[in-house]
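Biologist: I am new to this structure and would be grateful for a close look at a single part of it. Please choose one loop and explain what surrounds it.

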Amino acid sequence: MTNTDSDNSREWAAQAYALLKKRQEEQKQELKNQEEQKQELKNQEEQKQELKNQEEQKQELIDIESKENLSESPKNLSEPELGDFDDNFTWSAMVLAAQGKKINQISIDEIDWLTKLRKGLEETRKGFVTELLDKLGDDPLTPESLDELETLLIRADVGIDSTDKVMGSLRKKLNEEVVGGEAGIKFLKKELKLIIDKPIKNSGTDLLVPQKGKLNVWLLVGVNGVGKTTTLGKLAYLSAKSNYKTLIAAADTFRAAAVEQLKVWGERSNVDVISNQSKNADPAAVVFDAINSAKKRNIDLLLVDTAGRLQTKNNLMDELAKIKKIIDKKVPDAMVESLLVLDASQGQNGLKQAKSFAKSANLTGAIITKLDGTSRGGVSLAVSEEVNLPIRFIGAGEGIKDLRPFNSYEFVEAMIADK
């Protein structure tokens, strides 16, 4: 990026920041006005109550207060605040602009997420991009620098197959023309995006969302410890916030804490949880009850938490098969997705899990969690290339909002952002 381009980008980002700042101040003023109106109405109500018998007044005030507390108990989560006008904001704004967003279409929520994604992938980026840029500067790529890049990609858990594909393309380009450092990074981004996009395009679905008019059943599978139950809770929040009628089936009955954990997430998301409190209850029976409930309520999306570990791998797969059999029998026209939850920090171990589950669980996609703080975010590419799984969602943070639909452009830009 030239200095002129950089100046223009920062000026554009500054305009976007000013607009968001103004919008946020207007929203705060509107909220303040609403609170003042509420207070005024409350004062008027209290004055009316004073005309009544004191005993009746006390009782009515208690009832009013109880109702207000109940209505406000599942409080809406506060919207993210606009931070400083810094490099993170500028980078996030430019990523949105590159995808066709106008200045007045950018939201604080989008900026907040992209900032978290960029920060989350910082360790991965330090592992090879920063080191590579330090060595290259804007000097032309050489066979030696490509060897160095190959080592750095493997170290970031991008995987052998993905690395071979990228390096093959780069070496071919280098044989045809002189490639500077900046052009090399741009080409690298393009190649990595192609790898991630391939299974997504092959699936025929760019963005995974529940289909209206049918029951959508999403099974979340994966070993214990990868954040499967937490991810399901965040998905429930995302789905409910997107105005899909959502229900949770707590079918990981072999881990008692999973059921209680899901109930907490359900309360936070205002999504009901179907469960069975009996010890070692049949997971398929829980799914059976959940499907019945979903049909009665015209639910759009049923999220099913499944067991992460049983006595043997065969037992685990048998349980998944039983659950799928129930779904096929009860709702043969349901849109079923089997989504593997992977912990990015596990690197190659996570890749082995993906290969194992892919063989026996009829997977249709992957959810990559715990991207924040790991240097192994490159495993996402290995999952795409070596397991041919489309990545559907990614998580970069502990908050309920820190899980989003996967966007390959944003991911690669965050992974290979300039210093």
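Modeller: Asn-388 lies in the loop between α14 (379-386) and β7; helices (H or I, at least four residues) and strands (E, at least two) are DSSP runs, numbered from the N terminus. The model is predicted, so to speak of local features pLDDT of at least 70 is needed, side-chain atom pairs count only at pLDDT 80 or more, and totals for chains, interfaces and linings use all residues. Residues are numbered from 1 along each chain as its sequence is written, and side-chain values use heavy atoms, with hydrogens and water left out.

Most residues other than glycine have a negative phi. Asn-388, although not a glycine, has a positive phi of about 60°, and this residue comes just after α14. With a relative accessibility of 44%, Asn-388 counts as partly exposed; buried means under 20% relative accessible area, exposed over 50%, and partly exposed in between, with a 1.4 Å probe and protein chains only.

The helix before this loop is largely enclosed by the rest of the structure, because 6 of the 8 residues of α14 are buried. These are Val-379, Ser-380, Leu-381, Ala-382, Val-383 and Ser-384.

On the other side of the loop, strand β7 (residues 391-395) runs parallel to strand β6 (residues 365-369), and 3 bridges join them. Ile-391 of β7 is the bridge partner of Ala-366. Two strands are said to pair if DSSP finds at least two bridges between them.

Both strands belong to an open sheet of 8 strands with mixed pairing, in the order β3-β2-β4-β1-β5-β6-β7-β8. Its edge strands, β3 (272-274) and β8 (403-405), each pair on one side only. On average, neighbouring strands of the sheet are turned by 25° against each other, direction ignored; axes are lines fitted to C-alpha atoms, for helices over the stretch in contact, and angles run from 0 to 180 degrees between N-to-C directions.

Elsewhere along this sheet, helix α10 (residues 256-269) lies across β2 (246-250), β3 and β4 (301-305), and runs at about 165° to β2. Contact here means heavy atoms within 4.5 Å.

The loop between α10 and β3 offers a comparison, for it holds Asn-270. Asn-270 also is not a glycine, yet has a positive phi of about 60°. At 55% relative accessibility, Asn-270 counts as exposed, whereas Asn-388 counts as partly exposed.
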